[in-house]
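Please open the structure in your viewer and keep the selection panel at hand, as this tour moves from one selection to the next.

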Amino acid sequence: MPSYISKCAGPPPLVFFSSASIVPSFLPFRFSCNTLCCWCHSFRPSLPSVSTSPTPPPLSKCAAPPPLSDSSSAADHVVQRHHRRSTLSLHSAMSIFGGMIARKFSSATTRSLHVCVVGSGPAGFYTAEKMLKAHKGAEVDIIDRLPTPFGLVRSGVAPDHPETKIVINQFSRVAHNERCSFFGNVTLGSSISLSELRQIYHVVVLAYGAESDRVLGIPGEELKGVHSAREFVWWYNGHPDFSNLTPDLKSTDTAIVLGQGNVALDVARILLRSPKELSTTDIANHALTALSESSIRKVYLVGRRGPVQAACTAKELREILAIKDLYVNIKEADLVKTSSDEEEMKNNRIRKRVFELLSKASTSRSPSQSSGQRELHFTFFRKPDKFLESYDKSGYVDGVHFEKTTLKENDSGNQIAIGTGEYEDIKCGLVLKSIGYKSIPIDGLPFDQSKGVVPNIKGRVISSSNGGENEDGLYVCGWLKRGPTGIIATNLYDAEETVASISEDIEKKEVTSQKAGREGLVHLLENKKIKFVTFGDWEKIDFEEKKVGSLKGKPREKLATWNDLLEVTTK
Amino acid sequence: MFISKLWRLGAQASKGLSKAPLTIPSRRSFFPIVQNDSLDASSRKLFSTTNSQEENEDKQKISVTFFDKDGEQEIKVLIGMSMLEATHENDIELKGACEGSLACSTCHVIVMDVEQYNKLEDPTDEENDMLDLAFGLTETSRLWCQVIAKPELDGLRLALPAATRNFAVDGYKPKPH
């Protein structure tokens, strides 16, 4: 019997099992032993209530070498202490079974379908989930440039919307699937190129979203104090790329938000909510401090068109209108509807209900506003013409020069904003542009610059928008595929379409080539000395954040710098 | 023999999974996390959400049928139980991303008969807000997580929204009424 098995104080039946096993290679023994060693340490008699204690003892003693490839996810799960007990035991059970049986049929694994999903937000996870379900032999690896998964669910959803983040539970279940692995801190482009990925995997699905912004292209856009809403949202959500944004909230009482979509409403609401209410959310600490010292009391939500065209939805509007002690100003003159407006609203339930809410808010506002009260102004029919520079503080924004607009129907029957030649200035010290996200192209990837997406047909990447050839084995899902629109659930249907395309293609052209898959990826990353983050490592971050958060009455205290995040993963 | 032993042990493990709390592993059992004396043949459901399954068997159940692109499936739901929970226990392909907190629209169902739709209680503003965004919305759409089983709903027939759609790059917009 190999020595590491006798060291493992495992129960005699396992030893019996091992020796009676018909598995030829000794790898499964080592693999099973890793699992059990970690177990033994976990369940030593001196630690009787390891599953019930709130802060389980450290499990660093597992000296067994990390198991190979897909078994790593299972072993990792075993050493994670804040797993649900049933999941722990299920994974332990599966790891023994899986290890032995998988190794026995190891020749089959090299013929299994190797899939890589780039991006671990909703699009990535829904795609992974559907691929795992549709193809029982598929091995899915999800890579993300951040050490933390879940994309915008973690870094985009507002801190005061915790229910929207519950979907993370579903995604975690996918990550815990035996055939799925997460690789964080792996950037497509710098850590690994697209061509390298396509060599290692049969199928590559790009779901890396839209990490840039549309630009207005007007003078003064580079002035200090002008930020994109995306950066501001990442800042208050503790995204490690923007923890140093340090927006100046102390030298002005007015902020202008350009755009009237849900992201615009989010940033306005975070600026206007009382810090006390925010202090019990998972807002990043540096943001909470800044907002507690903020002098901003007035926020303008400015749209180029009218209330009928406002891009926000009822839930978010209802929420912001219900903020306590908030004076909401909507000019009644702006609420006059034209026949084109009526036509637009006729078949659009969302527009109808949003308009009703705005109308009600306009007429029901309190007659007088007290001084120091926070104000929200819905400003319609204003197009930004240029940003005004401060005379006192050179290089800083002082206000926005707007052109008044009117609506006109274009050739496609849509109402667009046309300048009237009349102008108006609104003074402010902070501008947040919330006019839309944009995807970033990478080397070797076809990209449609005007639409900001990867050209594709039903998720199959094509070489150009003008009907080029299909790029073999390359697919897209999510915002990268259809543009930055929709809600989390939209990706459910999007992923279904992409996976249907993948399945059709696999059926038509049977997978015969052997690809390195997960082992190839690990090998490549190790050669490049890239310290990738596993899902188990993320769970260490998760545990740490929740632990510190609970001391402060928050659901979690986000680790907001690269150093902090990566340090915890090494523990 | 090896396979049958594996099978039996696997069956033991899966039964054991429904047991809580986890106790110190017995050195004698193959799976240290399962106590032999804690195995209970009557408790077969994995990750069971209710503790008193035996009591509930006496209560009445209503029948609900789901229609999707693959066919139809009938399930039985205990009166007073959340419909969405019952649906998940029967492995119907219906998501509940926000787990019933009215923060998504993934549990969207379409009631096939208007009369049955009218028997349901009116949706709240909050439910309507999320229905606004639901995929393939119709006049008789509801969010399933908001419906609790009651006797009048026996024989309810529901359709799941069609799964595949063309996602045009210029933005497919579902057509609500």
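Begin by selecting chain B, where, among contacts between residues at least 6 apart in sequence, 58% join residues at least 24 apart. Keep in mind throughout that this is a predicted model. Chain B has 177 residues, of which 43% count as buried, and its accessible surface comes to about 9800 Å², with 49% of that belonging to carbon and sulfur atoms.

Now colour chain B by secondary structure, which comes to five helices and five strands. If you follow the chain from the N terminus, the elements appear in the order α-α-β-β-α-β-α-α-β-β.

Next, show the strands of chain B alone. In what order do the five strands of the open sheet lie? The order is 2-1-5-3-4, and the pairing is mixed. Strand 2 (71-78) and strand 4 (141-143) of chain B stand at the edges, and because each has a single partner strand, one side of each is left without a neighbour in the sheet. Turn the view a little, and you can look for the angle between neighbouring strands of this sheet, which is 35° on average when direction is ignored. In general, strands of a sheet pair through backbone hydrogen bonds, either parallel or antiparallel. Here, strand 3 (residues 108-111) of chain B runs antiparallel to strand 4 of chain B, and three bridges join the two. To see this pairing at the level of residues, select Val109(B), which stands opposite Arg142(B) in strand 4 of chain B.

From strand 4, move along to Ile148(B), which is found in the loop between strand 4 and strand 5 (156-159) of chain B. Is Ile148(B) buried, exposed or partly exposed? With a relative accessibility of 42%, Ile148(B) counts as partly exposed. Leaving aside residues up to four places away in sequence, Ile148(B) touches Gly80(B), Met81(B), Ser82(B), Met83(B) and Leu153(B). If you draw a distance from the C-alpha atom of Ile148(B) to that of Met130(B), 18 residues apart along the chain, you should find a separation of 18 Å.

Turn now to chain A and select helix 12 (residues 262-272), in which nine of the 11 residues are buried, so this helix is largely enclosed by the rest of the structure. Among the buried residues of helix 12 are Asp266(A), Val267(A), Arg269(A) and Ile270(A).

With helix 12 still highlighted, add the largest nonpolar core, which has 53 residues. Those with the most contacts inside this core include Tyr236(A), Leu249(A), Leu271(A) and Phe378(A), and the largest share of the core, seven residues, comes from helix 12 of chain A. Centre the view on Tyr236(A), which touches Asp266(A), Val267(A) and Ile270(A), and also Ala158(A) and Pro159(A), among others. A second, separate core of 44 residues includes Val115(A), Phe125(A), Ile541(A) and Ala103(B). As a general point, nonpolar side chains in soluble globular proteins tend to be buried together.

For the last stop, select Arg556(A), which lies in the loop between helix 21 (535-551) and helix 22 (562-569) of chain A. Arg556(A) has a relative accessible area of 13% and is therefore buried. Its side chain makes a polar contact with the side chain of Glu545(A), at 2.6 Å. Beyond the residues up to four places away in sequence, Arg556(A) touches several residues, including Arg154(A), Asp282(A), Trp538(A) and Asp542(A).

Key
Residues numbered from 1 in each chain as written. Chains lettered and ligands numbered in written order. Predicted model: local features only at pLDDT ≥ 70, side-chain atom pairs only at ≥ 80, totals over all residues. Heavy atoms only, no water. Pairing = 2+ DSSP bridges. Helix = DSSP H or I, 4+ residues; strand = E, 2+ residues; numbered from the N terminus. Axes fitted to C-alpha atoms, helices over the stretch in contact; angles between N-to-C directions. Buried < 20%, exposed > 50% of the residue type's maximum accessible area, 1.4 Å probe, protein only. Core = buried A, V, L, I, M, F, W, Y, C linked by side-chain atoms within 4.5 Å. Contact = heavy atoms within 4.5 Å. Areas by Shrake-Rupley, 256 points an atom, 1.4 Å probe, with all protein chains shown as cover. Polar contact = N/O pair within 3.5 Å; in protein donor to acceptor, adjacent residues only side chain to side chain.
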